[in-house]
Amino acid sequence: MPPRPLDARALAALAANPGCRRRALLDGAGVDKGALAQALGAPAAFGRSQFAFVRGHAFESRVKADGGAELVRLLSEQLGHKPPEPDEVDVPELTAAGPEGRTARTALALRQATGAGRWALLDHPMLALTIAGTPAYLEPDAVVVGPDGGWTVVEIKSFAMIDGAADAAKVGAAARQAAVYALALRGVADRLAAGRVSEQALLVCPKDFSNLPTAALIDLRKPLATTRRQLSRLVRVEEIAAGLPEGVCFDPDRPAAELAAAVAAVPAAYAPDCLAGCELAFHCRERARQAGLVERLGRSVRAELGGLATVESVLAAAGGDGGDPDDPAVAALRRAAALRAEALGREAAPCR
Amino acid sequence: MSLITTLARFEAVRDGRARPVATVRHRHLAERPLVLVPLTTAGETGAPLGALVGTERTAPRLLTVCQPRDRDQRAAFLAALAEEVLPHIEGFAAEVTTEERTETDPATGRRTPVRVELCTDAPQLLVPSAAGVEYVRLLGRSMRFRRTAEQDPAAAFPAPPRVPMLGRWLTHFAERAQVPGSSLLLSMTGLLTRHWATGQSPLEDQHLGSLLAWIDPPDGLSGAEAALRVELERDAEGLLCHPPAGPATDPAFDNKRLAPALARYDRARAVGRGVERAAAEMAELLATQLRPAWDAVWHGLDLLRALPEGAHVAERWKRDRWSYTAHRDRIRAGEPPQPRRDDAVTAARKLASRETAQARLEAQEALDDPLVMAGRRLAGEAFAGEVTAVVMEYTEAKVPRPRPLVTVRTEDAPHLAEGARVHRLLADGRTQTGEFTAAGPDRLTVRLTGGMGRGRQPEPGTVPEPGERVCWTLFEHAPRGGPALPEPEHTPWTHGGPPGAMADEPDPVTAEDYL
């Protein structure tokens, strides 16, 4: 089966959990994690409503209509420039064969547009970024080149901006995604020795309850720094693969038991946050549950518990049957258990 | 999560069942709450799909929209919602008592007592989850600037008569829900997680069905098994057997059930035949998604009602009554709807009052509930123990005042510096202050500095006896807010100056409203 390319969403999720070798390897090798999870009997609950899909597409095409004039108007308005006339915006042709061809075409268009001193809208350009030893091809919604040679990433999202404010979690996700694009763009700028990648991205959303676009600049400096650091921390895929036993195969057509063993050969770092972004999360959660890992209750839990990594050891420490009493985490747990028992009146109180 | 709550989660994992994190109920529950379970259309902002609403467990009113993009149907839905919700909300406005309050006289600037009305009770709105609270806010925002034909005869699409009023009330409820400890608008997941800890993460607790499964699993199943089943079980077609509590629908439901039903409805409308049947089919379909959440909310209410109410809950509910009465008065005075954005002073006031409410809530919950106090003791913010010695001492003033030294044996390790103020609740509900003076092995000594009456001898019952159990807190029991903020018309220029008197215009009608 063809490898699944890494996209910015996957990269942003990977950057959010850089310690997960399982995800790094499977994503890096282009394994279809959704199909894999299905084959393992723990399918992901992701799906997209066709209503959201249709609406999102309608909005994006509306924003990019009339030769990019609307989009450039939104950007120049945010930057405080005079909006250009519609015929002052170039929309270069970017079609080419294959991702490598499209990447080269994009780089060429960027160079030409930067030299031209005019506004240009690159609709769905293609950018390349090497992640953990694997090339990833990324396709931002758009990149706008300004007359001053500045390159701005544009994120078109279908969640609404109501009275100038949008859902913080969604804006954060958009910023992380835009940061991945900006990183890739910087690579292009360095190679071309031209252009300047803006540290702000333009977020375009529907205004209030309508389908009219409105925009805001989002600061990318922090997500850029975080993403760059996290991506550089990713263990190289070859290193992970080298640690695997011979003959490991992630083909979803293999029997479930064999697949489970293959997946188990790569260590994962499960946290409940994974449920929102990784197709394999239900499988990893089940494994974490079976192994009694404390992380299944939340990533922050681990910080309070020092060296106690399993539910069993925590309960034993709290009950006074295990753990080193001089360990501050164990002592605190014991004290907590005593206080809880005192407040609940010794008798094991039922739930209701 | 504090360590003590984390431990409760581990106990829940061990027992396969939720464990209590509170021994009393910390939120007010109305006798007849209005339950609202909304559903929304994916991809559209503020386009409701349906709702179950009502105060009777067995007889909710089902409201549906057959074509969510149809502006007229949306208006009809909102009008029906207003018809269901507003009589309940406004039903508490008439019955009042009078309370004395000090107000600043605008003419003299002097603080003078005035008698004002306070509604004897207030309406309570319950939704399934935190996303439901957010949706109430969104609905409020989408309605409150609309104009009825009466207000603006030239409006292209006038709102049904009561819709803007519903928008103002829902906005008020959602705004109030941001105040810690308030109970006008509550989510069932929020209520349940306040009182029980499950063996799953807080993220997974957002699923009302699986949260309930942990707290009260069906016979023969552990909470963990039941929760997993509720969360993941799908039928042969891939539809969730236990639909989420909304307002967002399951994408599989959207694609496999809702989209075909919508298409059938549109077709029936186009040919002008079978529209009613298609609408009935749609209503039935939406009811299958809404009913489980409706039942879950009432199930949660049963569980919560079994808990005794905390001692300070009524006091906090009184603040909710004040808030309800104040909004009633604003509407009666003909004030415009809440603005899109608060001016600087209003925003600062809101923030300050929420901070005060948070501090007050934390203190009151600890005083009401030994299990919450246990968490504060573990955190070093309180200590409890048995009195081992009381030494009477007096001040060296002309009229000596009692300043007894009380020594307590405790295993708690509070973060105390010498001279730190500590607080204790007396039997009559007053607060006694003390000063930490010395620490010995397992012993802490506090000098009582107040709450003993005016005489030379302390009033009976105000000084603990040896052998008595006492609990001192390092936090104040009734924390107060900071200094007063200026009136909005005196906003300094650093904060944008006085706000303009411009009223917010309604949202413009765009072609996209009608796709």
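## The barrel of chain B

In this predicted model, strand β10 (residues 382-391) of chain B pairs with strand β15 (residues 469-473) of chain B in the antiparallel sense, over five bridges. Within that pairing, B:G385 is set opposite B:V470 of β15(B). β10(B) also pairs with strand β11 (residues 405-409) of chain B, again through five bridges and in the antiparallel sense. Several residues of β10(B) can be matched with partners in β11(B): B:E386 stands opposite B:R409, B:V390 stands opposite B:V406, and B:V391 stands opposite B:L405.

From β11(B) the pairing continues to strand β14 (residues 443-448) of chain B, which is joined to β11(B) by five bridges in the antiparallel sense. Here B:L405 has B:R447 of β14(B) opposite to it, while in the pairing with β10(B) the residue opposite B:L405 is B:V391. These pairings belong to a barrel into which six strands of chain B close, in the order β10-β11-β14-β13-β12-β15, with antiparallel pairing. On average, and with direction ignored, neighbouring strands of this sheet are turned by 45° against each other. Helix α12 (residues 370-378) of chain B packs on the sheet, where it touches β10 and β15 of chain B, and the direction of this helix makes about 80° with that of β10(B).

## The open sheet of chain B

Another sheet of chain B is open and is formed by five strands in the order β4-β3-β2-β7-β8, with mixed pairing. Its edge strands are β4 (61-64) and β8 (185-187) of chain B, each of which pairs on one side only. From one strand to the next, the twist averages 20°.

At the β8 edge, strand β7 (residues 125-127) of chain B runs parallel to β8(B) and is joined to it by three bridges, and the bridge partner of B:L125 in β8(B) is B:L185. Helix α9 (residues 275-305) of chain B lies across four strands, namely β2 (34-40), β3 (48-54), β4 and β7 of chain B, and it runs at about 135° to β2(B).

## A pair of helices within chain B

Helix α5 (residues 188-195) of chain B and helix α6 (residues 208-215) of chain B have axes that come within 10 Å and cross at roughly 30°. Because that angle is under 35 degrees, α5(B) is roughly parallel to α6(B). The crossing of α5(B) and α6(B) is left-handed.

On the side of α5(B), the contact is made by B:M188, B:T189, B:L192 and B:T193, and on the side of α6(B) by B:L208, B:L211 and B:I215. Sorted by class, the residues of this contact of α5(B) with α6(B) are five nonpolar and two polar, with no charged residue among them.

## Where chains A and B meet

The contact between the chains takes 44 residues from chain A and 47 residues from chain B. Four helices of chain A, α4 (50-63), α12 (299-304), α13 (311-319) and α14 (328-344), each supply at least two residues of the side of chain A that touches chain B. Of these, α14(A) gives the most, with ten residues. That side of chain A has 24 nonpolar, nine polar and eleven charged residues.

One packing between the two chains brings together α13(A) and helix α1 (residues 3-15) of chain B, at an angle of about 115° and with their axes 10 Å apart. The two helices are therefore roughly perpendicular to each other, and α13(A) passes α1(B) in a left-handed crossing. The residues that meet are A:V311, A:V314, A:L315 and A:A318 in α13(A) and B:L7, B:F10, B:V13 and B:R14 in α1(B). By class, the contact of α13(A) with α1(B) has seven nonpolar residues, no polar residues and one charged residue.

## A helix of chain A and its length

Helix α7 (residues 168-192) of chain A has 25 residues, and at 1.5 Å a residue it should therefore span 36 Å; the C-alpha atoms at its ends are 35 Å apart, which agrees with that expectation. The residue that follows α7(A) is A:A193, and its phi is positive, near 50°.

Notes: Residues numbered from 1 in each chain as written. Chains lettered and ligands numbered in written order. Predicted model: local features only at pLDDT ≥ 70, side-chain atom pairs only at ≥ 80, totals over all residues. Expected span 1.5 Å × (residues − 1). Axes fitted to C-alpha atoms, helices over the stretch in contact; angles between N-to-C directions. Parallel < 35°, antiparallel > 145°, perpendicular 65-115°, else oblique. Left-handed = near helix turned anticlockwise from the far one by under 90°. Contact = placed C-beta atoms within 7 Å. Nonpolar A, V, L, I, M, F, W, Y, C, P; charged D, E, K, R; others polar. Pairing = 2+ DSSP bridges.
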